[in-house]
Amino acid sequence: MTPVLFDRALLRARLARARAAGAEDFLLTRAVEDLSERLSTIKRDFARVLDLGTPGPHLAQALAAPGRTIWRAAPSAALVGDGAFLPLVADEEALPFAPESFDLIVSALSFQHVNDLPGLLAQARRCLKPDGLFLAALVGGQTLSELRVALVQAEAEISGGASPRVAPFADVRDLGGLLQRAGFALPVTDTDVLTVRYANPFRLFADLRAMGATNALAARSRKPTSRRLLMRAAEIYAEKFADSDGRLRATFEILFMSGWAPHESQQKPLKPGSARMRLEDALKASRKG
């Protein structure tokens, strides 16, 4: 049975509240721009596209093009937004689509909050047509590393322990294996690390609330965070992570992963033992050249 890491109903509610209040979307904008640029280098026509779980219409809007039909599967009705796409509400963990429905499946900053990422990838793979492309961006493990340190140390000092407060995000080294396990061909993963500087930790806290990105862990403490804890965490943050001008660093990591639904036209690795030259001979030849 898949462990429940996230309170997804709470997450959807917080995302909807942030969107209604005017969400802070600099991180989502960065991810959408990068995904759009990556797609622009692929000389293919993707006629049927699914935007899966992106917490705003940014990606579906960016990919709109003549001759292309885009389905936007939003986490809730409040997050669908407006644009040249077909709107629907769907849970990323239970896709309501028939096999081989899409030429392209994309997602920006959603998958870090699913409880069963391997299962989601397997479902996405089944929904792609042969030689269809899957491309996603999600929050990575280096994100908010400074805040983790400050919160853990502050809580240890005040209460002698620490409760889960920042989500356990994925590591880029794991994603390639997950893509292969889900049946994707030609998997590729990489990472982009963004450092944002703040005048004080409370500006960071405000941005996280405006992203709908505050603690939604199922194992979170139900007690309100005390002012004493927040103040001590802010002090530790300033002590450990301030630049020479006094501004504080906050790390955000975006992981990118892509894979193709298998097709006979794709490149395939050579079978073991089929090489015509020994590795030792190949290395010798390259040195001579």
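**Close-up views of a predicted model**

**View 1. Surroundings of Ser76 in the predicted model.** Leaving aside residues up to four places away in sequence, Ser76 touches Arg12, Ala16 and Val89. Ser76 belongs to the loop that lies between strand S2 (69-74) and S3. Is Ser76 buried or exposed? Its relative accessible area is 14%, and since buried means under 20%, Ser76 is buried.

**View 2. The open sheet of seven strands.** The strands follow the order S3-S2-S1-S4-S5-S7-S6, and their pairing is mixed. Which strands form the edges? They are strand S3 (86-89) and strand S6 (185-198), each of which pairs on one side only. From one strand to the next, the twist averages 15 degrees.

**View 3. Pairing of strands S1 and S4 within the sheet.** Strand S1 (residues 48-52) and strand S4 (residues 102-108) run parallel and are joined by three bridges. Leu50 has Ile105 of S4 as its bridge partner.

**View 4. Helix H7 across strands S6 and S7.** Helix H7 (residues 201-210) lies across S6, the edge strand of residues 185-198, and across strand S7 (248-260). Relative to S7, helix H7 runs at about 35 degrees.

**View 5. The crossing of helices H4 and H6.** Two packed helices are described by the angle between their axes and the distance between the axes. For helix H4 (residues 117-127) and helix H6 (residues 172-181), the axes come within 9 Å and cross at roughly 50 degrees. An angle of this kind falls outside the ranges for roughly parallel, roughly perpendicular and roughly antiparallel, and H4 and H6 are therefore oblique to each other. Their crossing is right-handed. Which residues make the contact? Helix H4 contributes Leu117, Pro118 and Leu121, while H6 contributes Leu175, Leu178, Leu179 and Arg181. By class, the contact of H4 with H6 comprises six nonpolar residues, no polar residues and one charged residue.

**View 6. Overview of the protein, for orientation among the close-ups.** The secondary structure comes to nine helices and seven strands. The protein has 289 residues, of which 45% count as buried; Ser76, shown in View 1, is one of the buried residues. How many of the contacts between residues at least 6 apart in sequence join residues at least 24 apart? In the protein, 77% of these contacts do so.

Note on methods. Residues numbered from 1 in each chain as written. Predicted model: local features only at pLDDT ≥ 70, side-chain atom pairs only at ≥ 80, totals over all residues. Heavy atoms only, no water. Axes fitted to C-alpha atoms, helices over the stretch in contact; angles between N-to-C directions. Helix = DSSP H or I, 4+ residues; strand = E, 2+ residues; numbered from the N terminus. Parallel < 35°, antiparallel > 145°, perpendicular 65-115°, else oblique. Left-handed = near helix turned anticlockwise from the far one by under 90°. Contact = heavy atoms within 4.5 Å. Nonpolar A, V, L, I, M, F, W, Y, C, P; charged D, E, K, R; others polar. Pairing = 2+ DSSP bridges. Buried < 20%, exposed > 50% of the residue type's maximum accessible area, 1.4 Å probe, protein only.
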